[in-house]
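Please examine how the helices and strands of this chain are arranged. The explanation follows the packing of one helix outward to the rest of the fold.

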Amino acid sequence: MSLEYALITDSCLPEEVKKSEYFVAVDKKQWLDLIDYSEGLVDADPNQKVLFLIVAKGTPEQEEEAARKKAERQQEWEKLNAEKERLKREQEEKTKLRKKSESIFNALYHR
């Protein structure tokens, strides 16, 4: 028998999960019935495993802080991607210059 419970905060739950067809929000009565039903399932079949995920909503201040941190992470990610692209263009330019230098050098020595 395996019936487990887990708790995470709302800010840790990606938007993709909340938008998934497998995400179901339930009221208290339904929640309690799901637990009761699941207990019956795992009692009847020891191979059954059920995990109930409880999502704790934060205070408005906590939600705001989580949104601010997410925006900061996104901004940092965008900076890093911009730097990566800049370095890539720089390397491509160096490679292009080097090939041209090789070509010029070879032309001077008739190679």
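In this predicted model, the buried residues of helix α2 pack against two strands, β1 (2-9) and β2 (49-56). The residues concerned are Ile-35, Ser-38 and Val-42. Because they cover an arc of only 70° around the axis, they lie on the same side of α2. This pattern accords with a general property of such helices: an α-helix has 3.6 residues a turn, so residues three or four places apart point the same way. On the other side of α2, Lys-29, Asp-36, Tyr-37, Asp-43 and Ala-44 are exposed.

The dimensions of α2 can also be checked. Its 17 residues (28-44) should span 24 Å at 1.5 Å a residue, and the C-alpha atoms at its ends are 25 Å apart, which agrees.

Two of the buried residues of α2, Ile-35 and Val-42, also belong to the largest nonpolar core, which has 5 residues in all and is completed by Leu-3, Val-50 and Phe-52. At least two residues of this core come from α2, and at least two from β2. Within the core, Val-50 illustrates the packing: beyond its neighbours within four places in sequence, Val-50 is in contact with Ser-2, Leu-3, Glu-4, Ser-38 and Val-42.

The chain also contains helix α3, which comprises 49 residues (60-108). From its first C-alpha to its last, α3 reaches 71 Å, close to the 72 Å expected at 1.5 Å a residue. After α3 comes His-110, with a positive phi near 55°.

Terms used:
Residues numbered from 1 in each chain as written. Predicted model: local features only at pLDDT ≥ 70, side-chain atom pairs only at ≥ 80, totals over all residues. Heavy atoms only, no water. Helix = DSSP H or I, 4+ residues; strand = E, 2+ residues; numbered from the N terminus. Expected span 1.5 Å × (residues − 1). Buried < 20%, exposed > 50% of the residue type's maximum accessible area, 1.4 Å probe, protein only. Arc of directions from axis to C-beta. Contact = heavy atoms within 4.5 Å. Core = buried A, V, L, I, M, F, W, Y, C linked by side-chain atoms within 4.5 Å.
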